[in-house]
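Student: Please take me through a close look at one part of this structure. I would like to follow the charged side chains there, and then the pockets.

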Amino acid sequence: MFKEKKILAVVPARGGSKGVPKKNIRPLGGRPLIAHTAELIRTIDWIDRAVVSTDSDEIAAAAEAAGLAAPFRRPAALAGDIIGDIDVLEHAVQATEEIDGTTYDIVLMLQPTSPCRTAQHIFQCVEKLIAEQRDTVWTVSPVDSKHHPLKQLRPTADGGMQLWDQEGEKIIARQQLGPSFIRNGAVYAFTRDCLMEKHSIYGSSMGFVLIEEPLANIDTFADFEKAERLLT
């Protein structure tokens, strides 16, 4: 437990990856990708329960070999590539609580595709979630001012382009730009109420933990190469 809160970690890992086939069990640093997340979770003694949500027996076997429980399988309706996180997480929470006969207070989503996360990143998210009484806390990375939202463009229906946000017309110098972030996929922390009662991964009060060091969020073969460099 963490400050008297019961913590459930969910590792979502479907089997039908298209960009990189069998991505979640592809070797990284000599171990299946999912093993990096499983082994990190094992070092955190205040996580009460950790499960993989998968539709694949092959992924489940790799997860269990690395010490991550696979007590259920994701139904086919939740195995497609356009299924939202909320549906997957709600199913995982409900299935795990039924198996365990208990209710968890905080749910972590730890995707296998972020193998460079650390225990400190997870700790900071949960600590902030509780201390600031947030619905959710995500890890984020800073956006370079060159790519700030107020500088971004989008195509128009007539083949031209326009500012993504018309407020960008007021920007003369980069000093006028406030900080902006992107989600980096390393850690998501939610209250159970936010997920199961509000049916949201955003909630009405979002917090963040800023990570400034490089991370890998794996979607492509090039991302695997980047992760190899960062891990070594």
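Tutor: Let's begin with the terms for exposure: a residue is buried when its relative accessible area is under 20%, exposed when it is over 50%, and partly exposed in between. Keep in mind that this is a predicted model.

A good place to look is the loop between strand 1 (7-12) and strand 2 (27-28), which holds lysine 22 and lysine 23. Lysine 22 has a relative accessibility of 48%, so it counts as partly exposed. Its side chain meets that of glutamate 58 in a salt bridge, with 3.3 Å from N to O. Glutamate 58 sits in helix 2 (residues 57-65), 36 residues away from lysine 22, so this pair links distant parts of the chain. Glutamate 58, at 43% relative accessibility, is also partly exposed.

Now turn to lysine 23, which is buried because its relative accessible area is 13%. Lysine 23 forms a salt bridge with aspartate 219, and the closest N and O atoms are 3.7 Å apart. Aspartate 219 lies in the loop between strand 10 (206-210) and helix 6, with 196 residues separating the two partners. Aspartate 219 itself is partly exposed, at 46%.

Lysine 23 also leads us to the largest pocket, which has a volume of about 500 Å³. Of the 24 residues that line the largest pocket, Pro12, Arg14, Lys23, Asp85 and Gln111 are the closest to its centre. By class, this lining divides into 8 nonpolar, 8 polar and 8 charged residues. Helix 3 (85-100) and strand 9 (181-191) each supply at least two of the lining residues, and strand 9 gives the largest share, 3 residues.

Strand 9 then takes us on to the second largest pocket, where it gives the most to the lining, again with 3 residues. That pocket holds about 190 Å³ of space. Its lining has 14 residues, and nearest the centre are Ser141, Ile182, Asn184, Leu215 and Lys226. Besides strand 9, strand 6 (136-142) and helix 6 (221-231) give two or more residues to this lining. The classes here are 6 nonpolar, 3 polar and 5 charged.

To set the two lysine pairs in context, the count for the model comes to 12 salt bridges. Among the others, glutamate 39 and arginine 31 meet at 2.9 Å, N to O, while Glu97, Arg192 and Glu197 are linked in a network.

Key: Residues are numbered from 1 along each chain as its sequence is written. This is a predicted model: local features need pLDDT of at least 70, side-chain atom pairs count only at pLDDT 80 or more; totals for chains, interfaces and linings use all residues. Side-chain values use heavy atoms; hydrogens and water are left out. On a 1 Å grid over the protein atoms alone, a cavity is a set of points where a 1.4 Å probe fits but cannot get out, and a pocket is an open set with protein on both sides within 12 Å along at least five of seven lines; lining residues have an atom within 4 Å of a point. Grid points are joined across faces, edges and corners, and a volume is the space filled by probe spheres set on the points. Helices (H or I, at least four residues) and strands (E, at least two) are DSSP runs, numbered from the N terminus. Ala, Val, Leu, Ile, Met, Phe, Trp, Tyr, Cys and Pro count as nonpolar, Asp, Glu, Lys and Arg as charged, and the others, Gly among them, as polar. A salt bridge is a side-chain nitrogen of Lys or Arg within 4 Å of a carboxyl oxygen of Asp or Glu. Buried means under 20% relative accessible area, exposed over 50%, partly exposed in between (1.4 Å probe, protein chains only).
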